[in-house]
Amino acid sequence: MLLYPAMNDLLKNVPSRYMLVNVVANRARKIAVEAEHSGIPLTEKTVSMAVKEVADGLIVIDPNSEAEEA
């Protein structure tokens with residue numbers, strides 16, 4: 001199975017796999033809610049959209065700020 005983008009590319013913007021799952025799931029939920037409120041139909045899955053945002057560097061997590069919130 002080929003994964004795009006590669007896990008190494010995703011982990012450049014997020015410090016751990018566990019945090020990556022949480023960030024992507026959280027962003028996917030936000031995308032779904034925004035689409036529902038605006039009435040715009042989505043052409044691809046929200047998780048795929050969130051993963052692309054992380055890969056493109058649109059979502060970057062600072063490990064120090066996350067540790068303070070938890």
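**Salt bridges, core and helices**

Q: With which residue does Asp9 form a salt bridge?
A: This is a predicted model. Asp9 is partly exposed, since its relative accessibility is 34%. In its salt bridge, the closest N and O atoms are 3.5 Å apart, and the partner of Asp9 is Lys12.

Q: Is Lys12 buried or exposed?
A: The cut-off for exposed is over 50% relative accessible area. Lys12 has 65%, so Lys12 is exposed.

Q: How many helices does the chain have?
A: The chain has zero strands. Along the sequence, the pattern reads α-α-α-α. The number of helices is therefore four.

Q: Which helix has the highest confidence, and which has the lowest?
A: Over the whole chain, pLDDT averages 84, and 83% of the residues score at least 70. The highest mean, 94, belongs to α2. The lowest mean, 50, belongs to residues 63-69, which form helix α4.

Q: Which helix supplies the largest share of the largest nonpolar core?
A: This core has 13 residues, and Val14, Leu20, Val23, Val24, Val54 and Ile61 touch the most other members. Both α2 (17-38) and α3 (46-55) supply at least two residues each. The largest share is six residues, and these come from α2.

Q: Which residues does Leu20 touch, not counting those up to four places away in sequence?
A: Leu20 is one of the core members that touch the most others. Nonpolar side chains tend to be buried together in soluble globular proteins. Leaving out its sequence neighbours up to four places away, Leu20 touches Met7, Leu10, Leu11, Val14 and Val54.

Q: How far apart in sequence are the parts that Glu53 and Arg27 tie together?
A: Glu53 and Arg27 form a salt bridge, with the closest N and O atoms 2.6 Å apart. Glu53 lies in helix α3 and Arg27 in helix α2, so the parts tied together are apart in sequence by 26 residues.

Q: Is Glu53 buried or exposed?
A: Under 20% relative accessible area, a residue counts as buried. Glu53 is at 17%, so Glu53 is buried.

Q: How far apart are the closest N and O atoms of Glu44 and Lys52?
A: Glu44 is partly exposed, with a relative accessible area of 32%. Lys52 is partly exposed too, at 40%. The two form a salt bridge, and their closest N and O atoms are apart by 3.1 Å.

Q: Which residues are joined into one network by salt bridges that share partners?
A: The count of salt bridges comes to four. Some of them share partners, and the resulting network joins Arg27, Glu34 and Glu53.

Q: Why do the buried residues of α3 lie on the same side, and what arc do they cover?
A: The buried residues of α3 are Thr46, Ala50, Val51, Glu53 and Val54. They sit on the same side of α3 because their arc around the axis is only 160 degrees.

Q: What is included in the cover over the buried residues of α3?
A: Val54 is one of these buried residues. Val54 is also touched by Leu20. The cover includes α1 (7-10) and α2.

Q: Which residue takes a positive phi just after α3?
A: The phi in question is about 85 degrees. The residue just after α3 that takes this value is Gly57.

Q: What share of the accessible surface belongs to carbon and sulfur atoms?
A: Buried residues make up 27% of the 70 residues in the chain. The accessible surface comes to about 5,400 Å². The share that belongs to carbon and sulfur atoms is 56%.

Conventions. Residues numbered from 1 in each chain as written. Predicted model: local features only at pLDDT ≥ 70, side-chain atom pairs only at ≥ 80, totals over all residues. Heavy atoms only, no water. Core = buried A, V, L, I, M, F, W, Y, C linked by side-chain atoms within 4.5 Å. Buried < 20%, exposed > 50% of the residue type's maximum accessible area, 1.4 Å probe, protein only. Contact = heavy atoms within 4.5 Å. pLDDT = per-residue confidence, 0-100. Salt bridge = Lys/Arg side-chain N within 4 Å of Asp/Glu carboxyl O. Arc of directions from axis to C-beta. Areas by Shrake-Rupley, 256 points an atom, 1.4 Å probe, with all protein chains shown as cover.
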